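Here are my notes for you, written as numbered points. Keep the structure open next to them and look up each part as you read.

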Amino acid sequence: MNSKFNIYKLKENDTLISVATRFEKTPQEVAHFHNIFANQENLIGVAFPKDLKELYIPHSINVKELEHLPKVKFNAGTKLSIQSFKNVLLYQIKNQVFFQKREYKHNYQIEVKYIKKVKDNNWFEINKLNKVKDHKLDGNLYNVIEKTEEVLYPLQLLISEEGKLIEIYKHEEIVERWPKLKASILENFEGIVIENYLLYYEKNIFDKEKLQTLLFKDVFLKTFFSQAYIDYSSHYSVKRPLYFPLISRIKDVEYEVEQKIDPYISKEKQILIEINGRVNDKRVKLDFESNLDAPFFSRFKSSNEKVEGTFKAKFNLNSNHFFIEKAELISELELDSIHKNEISIELIGNSLVKKPKKALNTIVNKT
């Protein structure tokens, strides 16, 4: 007589959620089917019983196929951290900003090179290439803002395993590059507004701590290093605060998100991560409209209008080295007009390039 079910032998670290994800079922569906045939000691509630060894599953689930599905090899437990890699990675970045009922596009390429491990941290070199100008932003001040950015590259950063910026390496080289670039800008642009902006930017360049804060207002750096690398817990899902630089002039907007990772590697040999959440910032509408870093108008009942907004992101990571192969992110804030930032990051080049260091340094001249 044929059995009414298949048997799946539970493995170490299997949980109801991880197994359900693997079966492409909900945890409730897995538990309900198993409980039809299980005895009292082996009934599943919100989790597997402590001594459960075997799980009853439908015939429609092929156990032999499941045995061959590779699992994500976390660094420790369920923690995902940045790994070393030998290749130079080239990314295409498409960034659309919606601000005051207008849309702006920023398209460019980023080259990421892993240099070496420094204790528990990672040393990277970043180059920004092939920027495409949005003609809506054409103007002397915007052109100066674009030009001043060149002083940063090549940019060398020390990043923690969790994607936090520890230090700017070779900061003195950025400072040394500034006088020549500043002189070049002043030859082509004039006016008190331009001069004041250069003084402001110069202060940020010379002050290493201020420059570090400014750098992580960059949407690529924020997305690439500090979103995917967390401890996902035994449930492969974590609720946490997430901070994103939606409005560059002020402190990052706080979202409360649920971040999930598929514990099994996809057919494309990628790690899949999904983030969804809503604004959970103490600042109210008038605080944001006044460009405040901390809540002020929230104290007054007459202006205590809570701000709504959403955050959504999907990451496809390389299954061996955990770097991003593709990412899509949308952050939104509902003020009088919707503030929204849509970012697409896609790996377009991945090659072992052995060039002298000077050759890498010349890339910045293309921007």
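1. Let's start with a small spot close to the beginning of the numbering. Find the loop that links helix H1 (16–23) to helix H2 (27–37): glutamate 24 sits there. Keep in mind as you look that this is a predicted model. What is the phi of glutamate 24? The value is positive, about 60 degrees, even though the residue is not a glycine. That is worth a second look, because most residues other than glycine have a negative phi.

2. Another backbone oddity turns up in the loop between H4 and strand S6 (155–160), where you'll find proline 154. Is the peptide bond from tyrosine 153 to proline 154 cis or trans? This bond is cis, and its omega is near 0 degrees. For background, most peptide bonds are trans.

3. Now for the sheet. Eleven strands make it up, and the sheet is open, with antiparallel pairing. Walk across it and you meet the strands in the order S7-S6-S5-S4-S3-S13-S12-S11-S10-S9-S8. Which strands sit at the edges? They are strand S7 (165–169) and strand S8 (237–244), and each of these pairs on one side only. Going from one strand to the next, the twist averages 25 degrees.

4. Zoom in on the S8 end of that order. S8 and S9 run antiparallel and are joined by eight bridges. Strand S9 (residues 253–261) also pairs with strand S10 (residues 270–279), again in the antiparallel sense, over seven bridges. Glutamate 258 is a nice residue to follow here: in S9, it is the bridge partner of lysine 239, and its own bridge partner in S10 is asparagine 276. For valine 257, the bridge partner in S10 is glycine 277.

5. Next, two helices. The axes of H4 and H6 are 10 Å apart, and the helices pack at an angle of about 25 degrees. Why call them roughly parallel? Angles under 35 degrees count as roughly parallel, and H4 and H6 therefore fit that description. The crossing of H4 past H6 is right-handed.

6. Time to look at empty space. The largest pocket has a volume of about 1600 Å³. Its lining takes in 43 residues, and nearest the centre of the pocket lie His106, Ile145, Lys217, Ser248 and Arg249. Both strands and helices contribute: strand S3 (88–99), strand S4 (102–118), strand S5 (121–132), helix H4 (140–148), helix H6 (192–206), helix H7 (208–215), helix H8 (219–226) and strand S13 (338–351) each give at least two residues to the lining. Which element gives the largest share? That is H7, with five residues. Sorted by class, the pocket lining has 23 nonpolar, nine polar and eleven charged residues.

7. Finally, the closed-off space. How many cavities of 30 Å³ or more are there? The count comes to one. The largest cavity holds about 40 Å³ of space. Around it you'll find Ile82, Gln83, Phe85, Phe124, Phe224, Tyr229, His321, Phe322 and Phe323. Of the residues lining this cavity, seven are nonpolar and two are polar, with no charged ones. Set that beside the largest pocket, whose lining does include charged residues, eleven of them.

Technical notes. Residues numbered from 1 in each chain as written. Predicted model: local features only at pLDDT ≥ 70, side-chain atom pairs only at ≥ 80, totals over all residues. Heavy atoms only, no water. Pairing = 2+ DSSP bridges. Helix = DSSP H or I, 4+ residues; strand = E, 2+ residues; numbered from the N terminus. Axes fitted to C-alpha atoms, helices over the stretch in contact; angles between N-to-C directions. 1 Å grid on protein atoms, 1.4 Å probe; cavity = no way out; pocket = protein on both sides within 12 Å on 5 of 7 lines; lining within 4 Å. Points joined across faces, edges and corners; volume = space filled by probe spheres on them. Nonpolar A, V, L, I, M, F, W, Y, C, P; charged D, E, K, R; others polar. Parallel < 35°, antiparallel > 145°, perpendicular 65-115°, else oblique. Left-handed = near helix turned anticlockwise from the far one by under 90°.
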